[in-house]
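Work through the exercises below with the structure open. Each task is followed by its solution.

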Amino acid sequence: MENETGRPIFAQMIGRDIPSLLRTARELEKLPVAGIDLNLGCPAPIVCRKDAGGGLLRNPSYVDELLGALREAIPGRFTVKTRLGYTEPEEFAGLLEIFAKHGIDGLTIHGRTVVERYQTPVHPDFVKKAVATMACPVIANGNVVDVETGRNYLLECGAAGLMVGRGAIRNPWIFSQLQAAFTRTPPPVPTYRDLWSYVIELYEEIARETAKLVPAAHVQRMKKTLAYITHGLEGDFEFEMRRAKTPQDFHRICKTHLDRDGILPARPPLDSKLFCGFETLAKSGTL
Ligand SMILES: Cc1cc2nc3c(=O)[nH]c(=O)nc-3n(C[C@H](O)[C@H](O)[C@H](O)COP(=O)(O)O)c2cc1C
């Protein structure tokens, strides 16, 4: 298997069984990956019920054992993606001791607990503690939706970098916009028509990656992604897209709402339920 992207790719593992994770890590080490990451953050009930992902944070001594075993087995870069704890952010201090003990090579922190899911603002002060404690680079994650939220998160916690998830699905220009802000160069200013090209590219790329393409099922799959993209845009785009059934519906609705020159809003609506709590980061840039 080749990595043709020209960029480093980390492989992420999720699970709880130590022998299985060790076996997987050894297989991944044979591939052209830049490193192996362990998921300690996924809040999905089906994952947490099996004590995997964020579910592992309920049992720090097991995390200790797991990290010890993986660190010993992974000669290359070994990184962790975590939340602040399972129930309370105060659990994070104990977790940090474990992460530091095992000499991980990078720590990405989604600044919420598992029980906070996606429903609260993030807690940059806890990420700041990680920056002060850990010898490795710390990456801040959660609720970065535009340049201001990204810049403020970094200002508040001093992390080495940002990870952007849903905000990048909504606005894939966010990375070059952030880079432009940091280098004081002009940022890209995407229009509705640029968004249209992006949606079509996503539609076609995901179709290419789908083993058995069933058009109606592909539309349903795309609607999950489109939920982040249509959210808060003016008119009935969001409403109509939720009702799309066929590829014809999908493309007609996109054309109706995106075939125009106007500039896209930089961020989701302030009272957004989908990007809940981002306004706290948006307002906090006074440090
Ligand atoms: C649909 C979906 C799938 C995700 N899958 C993963 C995953 O496989 N691994 C991971 O570390 N995080 C995963 N995440 C979490 C994101 O990486 C990120 O931590 C979270 O969405 C908060 O950041 P954001 O506000 O920038 O989206 C997922 C999030 C969503 C919404």
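A pocket, on a 1 Å grid over the protein atoms alone, is an open set of points with protein on both sides within 12 Å along at least five of seven lines. A molecule sits in a pocket if more than half of its atoms lie within 2 Å of its grid points. This is a predicted model, in which local features need pLDDT of at least 70, side-chain atom pairs count only at pLDDT 80 or more, and totals for chains, interfaces and linings use all residues. Residues are numbered from 1 along each chain as its sequence is written, and side-chain values use heavy atoms, without hydrogens and water.

**Exercise 1.** State which pocket the ligand takes up.

Solution. The ligand's space is the largest pocket.

**Exercise 2.** Find the polar contacts (N or O pairs within 3.5 Å) of the ligand with Asn141 and Asn143.

Solution. Start with Asn141: an N or O atom in its side chain is 2.5 Å from a ligand oxygen. Next, a polar backbone atom of Asn143 is 2.7 Å from an oxygen atom of the ligand. The protein covers 64% of the 610 Å² of accessible area (Shrake-Rupley, 1.4 Å probe) that the ligand has on its own.

**Exercise 3.** How many disulfides (cysteine sulfur pairs within 2.5 Å) are there?

Solution. The whole structure has 0. Cys42, for one, has its nearest cysteine sulfur, that of Cys48, 6.2 Å away.

Notes. Polar contact = N/O pair within 3.5 Å; in protein donor to acceptor, adjacent residues only side chain to side chain. 1 Å grid on protein atoms, 1.4 Å probe; cavity = no way out; pocket = protein on both sides within 12 Å on 5 of 7 lines; lining within 4 Å. Disulfide = S-S within 2.5 Å.
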